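Subject: Structure handover

Hi,

Here is the structure I promised to pass on. Please open it first, then read the notes below.

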Amino acid sequence: MGETPRSQTVSTRLQRIAERARQMPEVALTTLAHHIDIEMLQEAYRRTRKDGAVGVDGQTADEYAEQLGARLASLLVRFQAGTSVAPPVRRVMIPKAGGRSTRPIGIPTFEDKVLQRAVAMVLEAVYEQDFRRCSYGFRPRRSAHQALQDLQRRLMAMGGGWVYEVDIQGFFDTLNHGDLRRCLDRRVRDGVLRRTIDKWLKAGVFDRGQVTHSEVGTPQGGVLSPLLANIYLHEVLDVWFEDVVTPRLKGPAFLIRYADDVIIVCGREDDARCVATAVSKRFGHYALTLHPEKTRLHPFQRPRTHAGPTGAAVDQEPGSFDFLGLTHGWRRSRRGWWVVGQRTAKGCLSRALKRVNAWCREHRHEELAVQQGGLSLKLRGHYGHYGVTGNLAALKRFAYEVQRRWYKWLRRRSQRVRMTWDRFQRLLQRYPLPRPIVVHSIYRRPANP
C-alpha cells in the first residue's frame, strides 16, 4: 500500500510524538489526543483492512466508504467531545490449532476499527521508545522470523542452556483491567485517550443475542488489543526480567517474547529453576495462570561426545523445544559443527495437511485452474512462515503431501474417468504448484532494529 502526501504528514507528526517520548522516558504524557485529527483518521482508515468480518452493526467497509468524509468528521467530533459510544464486539468462535477446542474472537464495528487504529498509531509512537529488544510480536518492522533468528543466534552463542517455555493460559481473556490501567498510567495520562480506551474495555461482548461485561480480558481480534497486550507484558515481564531478575543470576540468561509466547534461556540449571519459580509468582501476583502442561523447563545444552559402552565415541542425545511453529534442536552442520536447527513442528505439519485435505475435498469439483490457484496460495503461505534455513526437507515433504491429497480427491471427482498417477504428473506440468523455497535465509538476515 503506497503512501500519500497525507500519510507522509501523519508520519511526520508521529515522529514528533516519538521524539518527545524518547526525550522524556520517565514522564507520563498528558497531551496526545489533539494529534488525532481528520488527517489522522483518514490515514487510519487507509490502514484498516477492508475485507474483515463485520461487527454488531453489520456495516461493511464499502458501506462506510459511501459517506466517508461525513462519517470521519462525525467520529472526530464525538471522539474529541468524549461522547463516542463503544459498541460491544461480536464474538466468533474459531477452532484452535488441533481443532479440539475453540478460541473466542471479538470483532469490533468498522468505525471502531478506524478509531482504534488511530489511537494505536499514537500509542505506538510513544511505546516503541520504551519496548525492549526482546519483544517482537505485533510491532512495526519486527516479525516472528526475526524472533526465531535472534533465538537461534543467541542459543548458539551461549552454547545452549536450560530452556523455560512459558505458556500463559487464556492470556487475552484474563488480562486484568486495573493492572492494565496502572501500566498505562506510567506513560499515558491523556484524559480523552484514556476514557476512550476504558470505553473499549467496558464495551462488552455480544454473543447469542446477549451482551456480557467483564472486568478482565481484552478481545482478540480488536485492532488495539495486541498493543495493549504488549504494554501489559512489557511492564509485567520484560522490564522485570531484564532489570530485576537478570542482574541477580549467576550466569547468562535472555528472554524472547512474541506477543504472549515466551521463551527464557538460562546458562545454569540453578538459575533456570529460580527463574521458573519467580515467573510463576510474578504472574500469580497479576492473576495470570501458567498452563500446567505447556509450561516446561528442560535442558538444551550443546551435545558433547562421550565414550559409549563399546568404547566408541557417541553423541549425547540432544533436546528440543517448539517455538512459533518450529521445533528447535541441535544438529550437525555440513562441516560437522553443532548448530541449532529449525524444522516444522510435527503438530503444525499435521494440522496444515488436514486443512489442505479438507479444502481439496470441498473444492474437488471446481475448475482445475481454480484449484491450482487455491493450493498455490496455501503453499506460498506455508513457505512464507516455515521456509527457514535447514527446513527445506520438511517443505519438500509438505509439497509432496499436498500433491498426494490433490491427486486423491481428483480421483474421486468421477467414477468414469480414472485419474492415474502418470496422468496426474502430466496435469501438474500444465497446472504447476509452487516449488519449495527457503524464504528466510540466515545468509541474508536483516539487522534487528
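This is a predicted model. I start with one residue and work outwards from there.

**R103 and the four-stranded sheet**

R103 is found in strand β2. Is this arginine, R103, buried, exposed or partly exposed? Its relative accessibility is 28%, so R103 counts as partly exposed. The cut-offs used here are under 20% for buried and over 50% for exposed. Along the chain, R103 and D173 are 70 residues apart. In space, their C-alpha atoms are separated by 9.9 Å.

Strand β2 belongs to an open sheet of four strands. The order is β2-β1-β4-β5, and the pairing is mixed. Two strands sit at the edges: β2, residues 102–107, and β5, residues 210–212. Each of them pairs on one side only. From one strand to the next, the twist averages 40°.

Look next at the β5 end of this sheet. Strand β4 covers residues 205–207 and runs antiparallel to β5. Three bridges join the two strands. Within this pairing, D207 stands opposite Q210 in β5.

**The second sheet**

There is also an open sheet of three strands. Its order is β12-β13-β14, with antiparallel pairing. The edge strands are β12 (320–323) and β14 (338–344), and each pairs on one side only. Neighbouring strands here are turned by 35° against each other on average, direction ignored.

How many bridges join β12 to β13? There are four, and the two strands run antiparallel. Strand β13 spans residues 326–332. F321 stands opposite H328 in β13.

**The second largest pocket**

Strand β2 comes up again here. The second largest pocket has a volume of about 650 Å³. Its lining is made of 22 residues. Those nearest the centre are R47, R117, G222, V223 and P226. Three elements give two or more residues to this lining: β2, α5 (110–127) and α10 (225–245). Helix α5 gives the most, with five residues. By class, the lining has 11 nonpolar, five polar and six charged residues.

**Cavities**

A general point before the closed spaces: rolling a probe the size of a water molecule over the atoms shows where empty space is left. In this model, the count comes to two cavities of 30 Å³ or more.

The largest cavity holds about 50 Å³ of space. Which residues line the largest cavity? They are H145, L148, Q149, Q152, Q342, V388, T389, H440 and I442. Helix α6, residues 144–158, gives the most to this lining, with four residues. The lining divides into three nonpolar, six polar and no charged residues.

The second largest cavity holds about 30 Å³. Its lining consists of F138, F171, F172, P226, A229, N230, L233, R257, A259 and D260. Helices α7 (171–174) and α10 each supply at least two of these residues. Helix α10 gives the most, with four. By class, the lining of this cavity has seven nonpolar, one polar and two charged residues.

One residue links two of these spaces. P226 is among the residues nearest the centre of the second largest pocket, and P226 also lines the second largest cavity. Helix α10 likewise contributes to the lining of the pocket and to that of the cavity.

**Cysteines**

A disulfide is a covalent bond between the sulfur atoms of two cysteines. How many disulfides does the structure hold? The count is zero. C134 is in no disulfide, and the nearest cysteine sulfur, that of C266, is 13 Å away. At 2% relative accessibility, C134 counts as buried.

Why does C348 form no bond with the closest cysteine? The closest cysteine sulfur is in C360, 19 Å from that of C348, and this is too far for a bond. The cut-off for a disulfide is 2.5 Å between the sulfur atoms. C348 has a relative accessible area of 14%, so C348 is buried.

That is the handover. Over to you.

Best wishes

Note on methods
Residues numbered from 1 in each chain as written. Predicted model: local features only at pLDDT ≥ 70, side-chain atom pairs only at ≥ 80, totals over all residues. Heavy atoms only, no water. Pairing = 2+ DSSP bridges. Axes fitted to C-alpha atoms, helices over the stretch in contact; angles between N-to-C directions. 1 Å grid on protein atoms, 1.4 Å probe; cavity = no way out; pocket = protein on both sides within 12 Å on 5 of 7 lines; lining within 4 Å. Points joined across faces, edges and corners; volume = space filled by probe spheres on them. Nonpolar A, V, L, I, M, F, W, Y, C, P; charged D, E, K, R; others polar. Buried < 20%, exposed > 50% of the residue type's maximum accessible area, 1.4 Å probe, protein only.
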